[in-house]
Amino acid sequence: MNIILVNILKHPVSNGWTLFWLLSSLVNIAITSAVSHANLASPEDISYLIGYSVRWAIPFIYFVVAASSIRILFPGIVSNWWIRNRKYVGLVFAVAMAWQAIFIFLLSTFHRDYYFDEVFYFRDELEGSVGYIFLVAMIATSFRAARKRFSTLQWNLIHKSGVYFLWAYAFSVYWWNIFYYQYNEIYTIPKYHDYLFYWIGFLVFSLRVLAWGKARDNDLFQYTAFNNKGFLSKLFGLTSISLAICASATGSLWYEPVSRLLLTPAWSNELSLWLPFWPLEPFLPLLLLGIGVSILTQPRQQTITSLQK
Ligand code: HEM
């Protein structure tokens with residue numbers, strides 16, 4: 001079985017540019033087929049195509065976000081393959097997003113009234129534009145010639161911020177679809193893909209938090225070492241993680257009071273008009289998860305210093 005898996009993961013079709021062409025052809029075929037069934041004179045159809053093309057993009061950005069965490073949490077041949085191919089899979093994300101950009105262009109150019117009446121919302125536009133700026137910067141710096149012009153620090157800054165920003169955009173769209181829109185203003189029943197993309201988005205970032213915890217303190221995953229941790233850190237850490245899990249599934253219950261509280265200061269209310277994602281409601285459960293993991297883990301340096309004393 002292992003040999004079969006190794007062969008599959010080493011096969012040229014599952015790697016590099018061949019993988020890119022294969023996956024991007026699949027995306028292109030699916031989207032052109034949807035275009036052929038759509039009426040481009042209808043703004044509703046173009047709007048549908050915007051959503052449809054993004055749904056083809058999301059799995060690939062989630063794949064990219066999970067890559068480094070999977071390598072830390074589950075080192076092995078699969079995670080090596082995963083990390084080796086994240087650039088090519090990331091470029092497939094860009095292909096699907098290029099379709100979304102074309103449909104946005106068509107909608108905003110040929111159906112301006114519809115676009116400004118039904119779609120345009122300043123903060124969304126700002127978040128989306130920042131997302132596309134990151135995407136273009138990431139594509140441009142994915143190739144050696146451009147990469148050479150940036151220091152490792154600059155390159156990492158562009159790619160890490162870009163990947164997390166794009167993940168955050170997609171994840172928050174599905175959070176609002178599940179926990180807000182069906183209870184407020186526009187009564188829309190979430191579809192199965194809203195749940196799917198929300199939960200996978202939650203999972204991939206949770207893996208990131210756990211990988212960060214493991215890099216900080218390997219004892220997080222060692223039963224005996226974990227058991228030896230202080231009672232209070234276990235109590236607060238595990239409580240925070242449990243709250244995070246509960247909050248991740250119950251956004252509609254706590255959204256209103258929490259949001260009202262966070263927006264009480266005038267400056268915060270002001271920020272919410274233009275600062276992407278502010279006041280971060282979709283991300284609060286993940287913040288609780290991060291707090292829980294940080295309580296349960298100790299930076300290595302601290303442990304070494306206390307041993308030396
Ligand atoms: C200025 C740039 C952008 C504009 C104007 C825009 C516009 C739109 C519109 C109109 C829809 C709704 C389509 C429908 O009627 O269902 C949509 C859906 C969506 N967009 Fe964007 N978008 C932009 C950038 C982005 C970026 C950078 C991302 C990052 C991943 C993104 C992710 C999504 C997601 C996840 C959906 C929901 C798709 C679904 O139906 O499942 N968008 N966008």
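Start at the ligand: 18 residues surround it, and the closest are Ser47, Gly51, Gly128, Gly131 and Tyr169. (A residue is near a molecule or strand if its C-beta atom, placed from the backbone, lies within 6 Å of it.) Before you click further, note that this is a predicted model, in which local features need pLDDT of at least 70 and side-chain atom pairs count only at pLDDT 80 or more, while totals for chains, interfaces and linings use all residues. For your selections, residues are numbered from 1 along each chain as its sequence is written.

**Stop 1: the shell around the ligand**

Colour the shell by helix. (Helices are DSSP runs of H or I with at least four residues, strands are runs of E with at least two, and both are numbered from the N terminus.) Helix 3, helix 7 (122-140) and helix 9 (152-179) each give the shell at least two residues. Which helix supplies the largest share of the shell? That's helix 3, with 6 residues. Now recolour by class: you should find 10 nonpolar, 6 polar and 2 charged residues around the ligand. (Ala, Val, Leu, Ile, Met, Phe, Trp, Tyr, Cys and Pro count as nonpolar, Asp, Glu, Lys and Arg as charged, and the others, Gly among them, as polar.)

**Stop 2: helix 3 against helix 5**

Keep helix 3 (residues 43-73) on screen and add helix 5 (residues 86-110). Two packed helices are described by the angle between their axes and the distance between the axes. For this pair the angle is about 160° and the axes are 8 Å apart. (Axes are lines fitted to C-alpha atoms, for helices over the stretch in contact, and angles run from 0 to 180 degrees between N-to-C directions.) Helix 3 and helix 5 are therefore roughly antiparallel. (Angles under 35 degrees count as roughly parallel, over 145 as roughly antiparallel, 65 to 115 as roughly perpendicular and the rest as oblique.) The crossing of helix 3 past helix 5 is left-handed. (Left-handed applies if the near helix is turned anticlockwise from the far one by less than a right angle, right-handed if clockwise.) The residues in this contact split into 22 nonpolar, 4 polar and 1 charged.

While you're here, select Asp45, which sits in helix 3. Is it buried or exposed? Asp45 is partly exposed, because it has 17 other C-beta atoms within 10 Å. (Buried takes 20 or more other C-beta atoms within 10 Å of a residue's own, exposed 12 or fewer, and partly exposed lies in between, with C-beta atoms placed from the backbone.) Leaving aside neighbours within four places in sequence, Asp45 is in contact with Ala38, Asn39 and Leu40. (Two residues are in contact if their C-beta atoms, placed from the backbone, lie within 7 Å.) Then pick Phe103 too: Asp45 and Phe103 are 58 residues apart in sequence, yet 9.9 Å apart in space, C-alpha to C-alpha.

**Stop 3: helix 2 joins helix 5**

Swap helix 3 for helix 2 (residues 16-37), which packs on helix 5 at about 25° with the axes 9 Å apart. Helix 2 and helix 5 are therefore roughly parallel, and their crossing is right-handed. To see the contact, pick residues including Trp17, Phe20 and Val27 of helix 2 and Val92, Val95 and Trp99 of helix 5. By class, the contact of helix 2 with helix 5 has 13 nonpolar, 2 polar and no charged residues.

**Stop 4: the loop between helix 14 and helix 15**

Jump to Pro279, in the loop between helix 14 (266-271) and helix 15 (284-296). Check the bond joining Trp278 and Pro279: it's a cis peptide, with omega about 5°. Phe277 is in this loop as well, and its phi is near 70°, a positive value in a residue other than glycine. Phe277 counts as partly exposed, because it has 16 C-beta neighbours inside 10 Å. Next, click Leu280, also in the loop between helix 14 and helix 15. Leu280 isn't a glycine, but has a positive phi of about 65°.

**Stop 5: helix 10 and helix 15**

Finish with helix 10 (residues 192-216), packed on helix 15 at about 15° with the axes 9 Å apart. Helix 10 and helix 15 are therefore roughly parallel, and the crossing is right-handed. Among the contact residues are Phe205 and Val209 of helix 10 and Leu289 and Val293 of helix 15. The contact of helix 10 with helix 15 counts 7 nonpolar, 3 polar and no charged residues.
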